[in-house]
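Hi,

Here is the structure I said I would pass on. Have a look at it first, and my notes follow underneath.

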Amino acid sequence: MGSRNFVSVEEPRRNERAPQEREARSRPPRARNPIGVYVHFPYCRRKCPYCDFVSYKTELPDIPHTRYADAVIAELDARLSSSAEHELATMFFGGGTPSLWEPRELGRVVRAVERAFEGRSATDVEITVECNPTSLDVDRAMALRDAGANRLSVGVQALDADRLAFLGREHTPDEALRALEAALASGIERVSADLIFGVATATAVESPTEAAEEAAETRRACAACENVVLDLAACL
Ligand code: SF4
């Protein structure tokens, strides 16, 4: 993700200041020096062949849910002094597959971050959890919502079965759509679907036109898709 500049450093000229100040007063307060907290969860059910993220194939019973949450909270404590001048704007749980993390433990981390930034948080902190279709049903989506998540990012990647197989993904197109529907059914309003384009399969390289058609198909295929944002990333 690119960095965003929320803070203007330009001083208005004296004769322009009054209207600008009036306008500023009518706007809701903005976080100053906003900061996003990223929490990485490095465990996956299997390792996709194209993946260069820090992620480890781990059998479900071997995932150290509680110990990993303890470690993240300890690291948060160790880094707190470097964020003293910042206000919390977002939290992002990425991976790996954070939807595999027991929501109880993920929620413990959410609350630890909220406590760390008490009095220094935006009014509506966006809390995103990345989810894989094979670890997201309605119950899990609701549990993540109860843990504090207000945005779910679903790794759809493609709706073409051959392309998913080529990418080494373990889900089918139908499972991807069911995961999107589960995310929306949980009551979480912000749902996004990640799609990969430019994939070179055994027969052809996916063109930008095909990628656009697939994005449109994803939107059509999911009944409540007006609430889903589609994120496209090239696979080079
Ligand atoms: S699920 Fe995501 S993080 Fe895990 S191996 Fe596949 S691409 Fe990498």
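Let me start with Leu76, which sits in helix α2. Keep in mind that this is a predicted model. Is Leu76 buried, exposed or something in between? Leu76 counts as partly exposed, because 17 other C-beta atoms lie within 10 Å of its own, and a buried residue would need 20 or more. Leaving out residues up to four places away in sequence, Leu76 touches Ala112, Val113 and Ala116. Its C-alpha atom is also separated by 9.6 Å from that of Val39, with the two positions 37 residues apart along the chain.

That brings us to α3. This helix has 14 residues and reaches 20 Å from its first C-alpha to its last, close to the 20 Å expected at 1.5 Å a residue. Its buried residues are Pro103, Glu105, Leu106, Val109 and Val110. What covers them includes β1 (34-41), α2 (65-79), β4, β5 (121-131) and α4 (138-147).

Just ahead of α3 there is a spot worth a click. Gly96 lies in the loop between β4 (87-95) and α3 (103-116), and the peptide bond from Gly95 to Gly96 is cis, with omega near 10°. For context, most peptide bonds are trans. Both glycines also turn up around the ligand, whose surroundings are Cys44, Lys47, Cys48, Cys51, Phe53, Ser55, Gly95, Gly96, Thr97 and Asn132. By type, that shell divides into four nonpolar, five polar and one charged residue.

Next, the strands. β6 (residues 151-157) is largely enclosed by the rest of the structure, because six of its seven residues are buried. On one side, β5 and β6 run parallel and are joined by four bridges; Thr128 has Arg151 of β6 as its bridge partner. β6 also pairs with β7 (residues 190-197), again in the parallel sense, over five bridges. There, Val154 is partnered with Ala193 of β7.

Val154 is a good residue to follow further. Beyond its neighbours within four places in sequence, Val154 is in contact with Cys131, Pro133, Leu136, Ala179, Leu180, Ala183, Val191, Ala193 and Asp194. Which residues touch the most other members of the largest nonpolar core? They are Leu152, Val154, Ala179, Leu180 and Ala183, out of 48 residues in that core. Helix α6 (residues 173-185) gives the most to this core, with seven residues.

One more oddity in β6: Gln157, which belongs to this strand, has a positive phi of about 70° although it is not a glycine. Most residues other than glycine have a negative phi. Gln157 is buried too, because 25 other C-beta atoms lie within 10 Å of its own, and 20 or more is the mark for that.

Finally, the overall picture. The protein chain has seven helices and eight strands. Buried residues make up 31% of its 236 residues. Among contacts between residues at least 6 apart in sequence, 75% join residues at least 24 apart.

If you open the model, the cis bond between Gly95 and Gly96 and the positive phi at Gln157 are the two places I'd look at.

Cheers

Note on methods: Residues numbered from 1 in each chain as written. Predicted model: local features only at pLDDT ≥ 70, side-chain atom pairs only at ≥ 80, totals over all residues. Near = placed C-beta within 6 Å. Nonpolar A, V, L, I, M, F, W, Y, C, P; charged D, E, K, R; others polar. Helix = DSSP H or I, 4+ residues; strand = E, 2+ residues; numbered from the N terminus. Buried ≥ 20, exposed ≤ 12 C-beta atoms within 10 Å, placed from the backbone. Expected span 1.5 Å × (residues − 1). Contact = placed C-beta atoms within 7 Å. Core = buried A, V, L, I, M, F, W, Y, C linked by C-beta atoms within 7 Å. Pairing = 2+ DSSP bridges.
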